[in-house]
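These are my notes on what I looked up in this model, kept in the order in which I went through it.

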Amino acid sequence: MSATLIDESALPTVTPTAGAVNDSATALRTSTGAVRQAAQDAQRTWRGIDGVLSSPGATDALSHAMRAATGPADGLATAAGSVATALETFADDVTTIRRTRRSLLADIDEIRARVAASDSDDAVPDEYRAANDDLHARASRLHTRWRSAQDDLAQAIRGQIGGAPRLFPTLGGSMLAAPFARIDFGAASRAFRDAARLPLLADLAAQGPDALRKWAADHPGEAQRLLDHPPSTDDVKAWWTGLGADDRAALVTGLSTVVGNLGGVLYADRGRANQYTLDTELPKAQARYRELSGKVFRNDELTPAERAEYARLSAIVGSLEALDKTLLAGTAAAPRTIVSLTLGHPPLAAVAIGDLDTATNVTVNVPGMGNTVAESMQGWTGGAENLLNEQRYAAQEAHASTNIATVAWIGYDTPDMPPSVEVLASTKAEVGAQNLSRFLGDVSRTRGWSGGDHLSVVAHSYGTTTATLSVAKTPVANLTLLASAGVDGRVPNVHAVGVPNGHVWASQANTDLVANIGRGSVETPLGYVLGRQPIDTGNPFTSTRDQILTLPSTHRLNPGNPSWGARTFSSDPDVIGGESYAGSDGHSATPGTEAEIAGEDSDTHGYLDAGTTSLYNTARTSLGYTPEGKAIP
């Protein structure tokens with residue numbers, strides 16, 4: 001406990017502004033790009049001079065000298081591009097931190113005003129001690145986040161520099177300042193090859209899609225690197241918008257596996273590219289799978305390589321067939337588009353419902369354990385469409401735009417279902433958080449949004465573990481956590497995520513006895529009380545659950561607990577506006593939707609099924625409203 005009344009001095013001083021940092025990034029790209037262009041122009045001017053002059057040794061030396069000049073210039077520009085990308089990420093962090101600081105400062109001013117108006121002579125009257133301690137804790141966490149943002153930038157810069165000070169700004173305190181440092185040209189050269197692919201692909205596109213396919217076939221590692229280490233979204237966006245329609249069309253079909261996943265490409269074009277991948281890869285995979293299946297049925301022995309291929313093809317065929325069926329269920333009112341698709345181990349994909357290029361709000365749905373593209377994409381997309389439909393009703397009630405989009409994102413390898421114990425570890429959530437952050441960042445930068453504006457995340461089960469780790473680094477406007485399997489200790493409370501105050505919500509149905517197992521807590525209900533979150537405070541007068549067994553989970557925090565700090569809503573049966581809504585019967589997100597897709601009758605309800613209390617409330621919180629429909633400041 002602190003005996004000192006908090007004031008502004010407890011907060012970190014954040015001198016840079018996002019605009020200034022972004023301007024620095026732009027200037028860095030522009031100035032070093034001009035150096036590279038000048039060197040390339042010089043090399044082109046002198047290329048072929050040996051066809052005009054014949055002076056043994058001299059022309060060779062001149063050619064070598066020109067290459068020596070362009071190499072460092074290329075390295076300079078590309079290393080600068082990497083630093084500029086790091087600066088842009090830092091700018092996003094600055095936006096979030098400054099916003100959090102403003103909110104904290106308002107709370108500090110409020111408590112100081114209340115203490116000043118009280119009759120107490122104590123520096124911190126008893127009735128304000130808890131609030132004062134909380135503000136000190138939040139200020140401490142903000143200091144940590146600010147140091148982390150600076151450290152991340154410094155590390156990114158150090159990755160591009162080495163040796164004595166010469167070129168790039170280093171980080172001192174809270175300011176970007178001299179001295180300058182020399183480029184590591186080895187790293188810069190590797191980075192340059194990544195950025196140089198964009199003009200190369202444009203040149204190939206001018207020759208038609210076959211030229212792009214040949215390049216990808218001849219350089220599979222280069223094409224894969226574009227997926228693993230893509231150029232910045234801003235660079236791709238500028239490049240893509242500068243291409244002609246014919247060049248774009250060639251890239252969509254000639255390099256579909258890359259274009260379909262490249263941040264900065266219009267989502268309509270990504271959808272066409274992924275549709276092309278689906279249409280071409282599915283019949284090939286099915287044919288080869290049938291061929292190997294024939295050998296299995298004839299009891300012919302498969303080689304180890306064939307067995308591995310057989311397992312891989314089984315996942316690919318299942319995933320592509322599921323995506324095909326998912327797209328067929330789209331309608332004119334809710335069109336479906338594959339906005340990412342990778343055929344790795346396992347295959348991963350994301351399906352958008354609505355127009356991601358024009359939507360005023362985008363909500364990304366993050367699934368939990370046991371969800372794969374092959375087994376779950378139809379149901380998960382159905383749940384995302386349920387959410388979209390309810391969001392449109394909510395937006396209409398609020399007289400807001402109904403041009404909304406949702407995304408059924410299965411973009412990470414989720415934990416296996418029990419008896420696997422993967423769900424008790426944060427390992428897969430950490431990888432998933434990196435993938436989710438990239439996807440969210442791509443949406444924001446492709447749309448020109450900053451600070452996570454207009455972007456929301458709805459997560460279910462282990463997806464809440466993944467989403468909170470991601471949103472702690474990548475800000476969004478709204479975060480809704482359903483049936484949480486637990487939040488990692490690195491996200492100790494609601495103030496550790498990059499979401500505005502009051503815009504984080506959590507809910508767990510009273511009949512859900514599975515979510516808490518992910519948190520390492522096997523529990524039984526202490527009576528069935530509608531509208532109360534399943535929490536175990538250790539106090540029989542405030543707990544709604546009784547813990548009977550503890551498991552070794554690495555993400556034990558329950559976002560529904562008051563100590564974590566999310567706002568909560570009910571996922572139990574309720575009457576809203578005179579209409580009856582079903583409660584979630586257990587832990588699943590879309591059992592009713594999945595039954596409907598399969599043509600089966602079902603009276604079970606999940607968190608994202610139509611007609612449920614949970615869906616009604618989630619639709620509003622994911623748009624920045626309370627469950628009652630009031631806009632949250």
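How many bridges join S5 to S7, and do these strands run parallel or antiparallel? I looked this up before anything else, and I find five bridges between S5 and S7, with the two strands running parallel. I note here that the model is a predicted one, and that everything below is to be read in that light.

Entry on strand S5. I followed S5 to its other partner, S6 (residues 404–410), and there too the pairing is parallel, over five bridges. I then took Thr 363 as a point of reference: its bridge partner in S6 is Thr 406, and its bridge partner in S7 is Ser 456. I checked how far S5 (residues 361–366) is covered, and since five of its six residues are buried, the strand is largely enclosed by the rest of the structure. I also looked at the connection, and S5, H12 and S6 make a right-handed β-α-β unit.

Entry on the sheet. I traced the strand order and wrote down S3-S4-S6-S5-S7-S8-S9-S12, an open sheet of eight strands with mixed pairing. S3 (336–342) and S12 (567–568) stand at the edges with a single partner strand each, so one side of each has no neighbour in the sheet. At the S12 edge I looked up the pairing with S9, where two bridges join the strands and the direction is parallel; one bridge that I noted there has Ala 506 paired with Thr 568 in S12.

Entry on helix H17. Which elements do the buried residues of H17 pack against? I list helix H12 (373–397) together with the strands S7 (455–460), S8 (478–482), S9 (504–507), S13 (574–576) and S14 (579–581). H17 (residues 613–621) is mostly covered, with nine of its nine residues buried, and among these I noted Leu 615, Tyr 616, Asn 617 and Arg 620.

Entry on the cavity. I searched the whole structure for cavities of 30 Å³ or more and obtained one, with a volume of about 60 Å³. I went through its lining, which includes Leu 481, Ala 483, Ser 484, Ala 506, Arg 519, Gln 533 and Asn 558; Ala 506, noted above for its bridge to Thr 568, is thus met again in this list. By class I record five nonpolar, six polar and one charged residues in the lining.

Entry on the second largest pocket. I note about 430 Å³ of space in this pocket, and a lining of 21 residues, of which Asn 371, Ser 588, Ala 589, Thr 590 and Glu 594 lie nearest its centre. H12 and helix H16 (591–597) are the elements that give two or more residues to this lining, and H12 gives the most, with seven residues. I sorted the lining residues into eight nonpolar, 11 polar and two charged.

Entry on the chain as a whole. I counted 17 helices and 14 strands in the protein chain, and 49% of its 633 residues count as buried. Finally I took the contacts between residues at least 6 apart in sequence, and 69% of these join residues at least 24 apart.

Conventions:
Residues numbered from 1 in each chain as written. Predicted model: local features only at pLDDT ≥ 70, side-chain atom pairs only at ≥ 80, totals over all residues. Heavy atoms only, no water. 1 Å grid on protein atoms, 1.4 Å probe; cavity = no way out; pocket = protein on both sides within 12 Å on 5 of 7 lines; lining within 4 Å. Points joined across faces, edges and corners; volume = space filled by probe spheres on them. Nonpolar A, V, L, I, M, F, W, Y, C, P; charged D, E, K, R; others polar. Buried < 20%, exposed > 50% of the residue type's maximum accessible area, 1.4 Å probe, protein only. Helix = DSSP H or I, 4+ residues; strand = E, 2+ residues; numbered from the N terminus. Contact = heavy atoms within 4.5 Å. Pairing = 2+ DSSP bridges. Right-handed = clockwise from strand over helix to strand, strands pointing away.
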